[in-house]
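This report describes a single protein chain from its overall dimensions down to individual strand pairings. The sequence and coordinates are shown first.

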Amino acid sequence: MTEHITEHWLDNAPFSGGSPRTADVTDPATGAVSGKVRLASDADARAVIASAKRAVPGWASTSLAKRAKVLFRFRDLLDERKEELAAIITAEHGKVLDDAVGEVSRGLEVVEFACGIPHLVKGEFSEQVSTGVDTHSKRQPLGVVAVISPFNFPAMVPMWFFPIAIATGNTVVLKPSEKDPGASLWIARLWQEAGLPDGVFNVLQGDKEAVDALLDSPDVQSVSFVGSTPIARYVNERASAAGKRVQSLGGAKNHMVVLPDADLGLVADAAVNAAFGSAGERCMAVSVLVAVGPIADDVIAGIVERVGTLRVGDGTLGCDMGPLVTREHRDKVSAYVDAGVAAGAKLVIDGRDLRVADRPDGFWLGPTLFDQVTTDMTVYTDEIFGPVLGVLRVGTYEEAISLVNANQYGNGAVLFTRDGGAARRFEFEVHAGMIGINVPVPVPTAYYSFGGWKSSLFGDTHAHGMEGVRFFTRAKVVTSRWPDPATNPSTGLALAFPTND
């Protein structure tokens with residue numbers, strides 16, 4: 001039986017490249033190797049980038065109407081077949097099917113936003129700015145752009161970027177995670193079916209060698225990245241040094257602040273959803289619950305009750321939570337739990353001993369809950385990226401705000417309360433880029449932009465929405481005069497600086 005290998009994608013066709021290196025792709029629910037993925041060499045990267053570069057002139061000059069037609073076709077195909085893509089995500093990432101379908105649906109929102117590209121890139125016009133002089137602005141594509149995406153959302157995160165990049169006339173090189181690369185090739189084939197010309201959407205499989213080739217290439221004009229904060233900082237510094245535009249989204253430690261007047265049943269539901277959904281492997285997961293006043297015991301009791309009803313298992317079998325993505329990542333998260341216990345946090349729910357009877361070799365770690373967490377513990381300071389929730393107890397709203405704002409991350413923060421004044425104050429005072437009020441995971445819709453503050457974001461701009469349109473285009477201002485020789489005869493040579501007369 002021939003082993004399945006996930007290839008690169010170049011000129012609307014699979015591309016094997018010349019590198020002999022590959023990596024295993026595993027099914028996280030069983031621990032079994034399900035295939036391999038190519039790991040690009042520098043020469044492979046140059047070939048894929050060259051394909052994208054060749055396609056730039058033709059695609060950039062394609063009319064907005066024709067670009068929108070391709071986007072609408074891609075949107076319809078994706079909507080019709082999203083369950084196919086979701087099944088690939090579940091097989092390689094491990095998240096449950098419903099969550100994978102939800103991921104694709106949220107990415108689809110950005111595609112739908114990009115379908116409005118004729119409106120989104122309209123410029124401005126000013127008539128008669130000076131005598132016989134008009135000025136107008138326009139937005140034009142950058143050229144070849146790179147998207148480097150993480151393992152946790154192999155479809156949605158790339159779709160934060162490439163629909164807008166393609167709609168605005170750029171060509172794309174996507175470098176997906178080597179842990180779950182299958183979605184990238186499925187998406188590439190869908191673009192081909194939608195009528196996208198050769199070279200406009202390309203896929204470069206690989207590891208750090210592929211990433212560095214994209215960061216260093218003089219033909220790549222921008223880099224969009226999502227991943228951990230250390231790598232986000234690295235991407236920003238290296239790509240910026242090469243003169244590229246950068247949007248580099250890093251890690252998070254999202255806080256849920258709960259005031260004493262909150263609906264504690266809603267809080268418990270939200271905490272379980274936000275902390276343990278997708279096994280906590282999402283940058284908008286809530287990993288810290290800040291209980292204000294005397295409510296912590298009641299909140300914890302509600303969470304414990306609800307966790308007792310969760311079904312953890314193979315994501316294809318109708319469970320609530322699946323495995324972690326790799327054995328190495330599972331072991332890393334488990335080590336954080338060990339460290340929390342050693343540091344003195346109270347372990348209320350221990351997910352380390354979870355066993356799934358029919359999948360004994362899967363990468364399992366169940367929902368884990370700590371109480372009595374303090375800000376010097378690694379379970380608080382570090383982004384764990386797993387199903388681990390820590391409860392901190394404070395006496396006042398002011399203490400809660402100080403705690404959130406002192407954290408190095410600023411991706412998201414949420415408040416649960418019935419007090420409109422407190423909610424409005426929270427929106428103004430908290431130092432984070434995305435805010436939720438009685439909403440556990442405040443991911444904005446596609447026509448707004450996604451991104452955090454502080455060590456959660458490096459570079460020029462947030463993802464999707466109008467910030468995405470501006471990121472993938474350059475502004476140009478044109479000033480023109482069309483003199484009428486019948487009424488404006490030449491006045492001879494003039495060396496003075498022009499004035500607005």
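The sections below treat the fold as a whole, then its pockets and cavities, and then selected helices and strands.

## Overall architecture

The structure is a predicted model. Its protein chain contains 16 helices and 23 strands. The radius of gyration is 25 Å, close to the 23 Å that the globule rule gives for 501 residues, so the chain is as compact as a globular protein of that length. Measured out along the principal axes, the C-alpha trace spans about 85 × 65 × 40 Å.

Of the 501 residues, 55% count as buried. Contacts that link distant parts of the sequence are also recorded: among contacts between residues at least 6 apart in sequence, 73% join residues at least 24 apart.

## The largest pocket

The largest pocket has a volume of about 830 Å³. Its lining comprises 36 residues, and those closest to the centre of the pocket are F151, F225, G227, S228 and I231. By class, the lining divides into 17 nonpolar, 10 polar and nine charged residues.

Several secondary-structure elements take part in this lining. At least two residues each come from α6 (156-167), α8 (208-216), β11 (220-226), α9 (229-241) and α12 (327-343). The element that gives the most is α9, with four residues.

## Enclosed cavities

A search of the whole structure finds four cavities of 30 Å³ or more. The largest cavity holds about 90 Å³ of space. It is lined by 13 residues, and A252, R282, S287, E383 and F385 lie nearest its centre. This lining consists of five nonpolar, four polar and four charged residues.

The second largest cavity has a volume of about 60 Å³. Its lining is formed by R106, E109, V110, M156, W160, V443, P444, T445, A446 and H464. By class, these are six nonpolar, two polar and two charged residues. Both α4 (97-114) and α6 supply at least two residues of the lining, and the largest share, three residues, comes from α4. Helix α6 also supplies at least two residues to the lining of the largest pocket.

## Helices α1 and α8

Is A45, a residue of helix α1 (residues 42-60), buried or exposed? With a relative accessible area of 1%, A45 is buried, because the cut-off for a buried residue is under 20%. Leaving aside neighbours within four places in sequence, A45 is in contact with L204 and A213. A45 and A100 are 55 residues apart in sequence, and their C-alpha atoms are 29 Å apart in space.

The contact residue A213 belongs to the buried set of α8, which consists of A210, V211, D212, A213, L214 and L215. These buried residues of α8 pack against α1, β8 (144-148), β9 (171-175), β11 and α9. Two of these packing partners, β11 and α9, are also among the elements that, like α8, each supply at least two residues of the lining of the largest pocket.

## A three-stranded open sheet

An open sheet of three strands has the order β1-β5-β4, with mixed pairing. Its edge strands are β1 (5-6) and β4 (22-26), each of which pairs on one side only.

Within this sheet, β4 and strand β5 (residues 33-38) pair in the antiparallel sense over five bridges. In this pairing, T22 stands opposite R38 in β5.

## The enclosed strand β17

Why is strand β17 (residues 388-394) described as largely enclosed by the rest of the structure? Six of the seven residues of β17 are buried, so the strand is largely enclosed.

Strand β17 pairs with strand β14 (residues 286-292), to which it runs parallel, through five bridges. In this pairing V290 stands opposite L392 of β17. Strand β16 (residues 368-371) also pairs with β17 in the parallel sense, over three bridges. Here the bridge partner of L369 is L389 in β17. Residue S287, which lies nearest the centre of the largest cavity together with A252, R282, E383 and F385, falls within the residue range 286-292 of β14.

Key. Residues numbered from 1 in each chain as written. Predicted model: local features only at pLDDT ≥ 70, side-chain atom pairs only at ≥ 80, totals over all residues. Heavy atoms only, no water. 1 Å grid on protein atoms, 1.4 Å probe; cavity = no way out; pocket = protein on both sides within 12 Å on 5 of 7 lines; lining within 4 Å. Points joined across faces, edges and corners; volume = space filled by probe spheres on them. Nonpolar A, V, L, I, M, F, W, Y, C, P; charged D, E, K, R; others polar. Pairing = 2+ DSSP bridges. Rg over C-alpha atoms; globule rule 2.2 N^0.38 Å. Buried < 20%, exposed > 50% of the residue type's maximum accessible area, 1.4 Å probe, protein only. Contact = heavy atoms within 4.5 Å.
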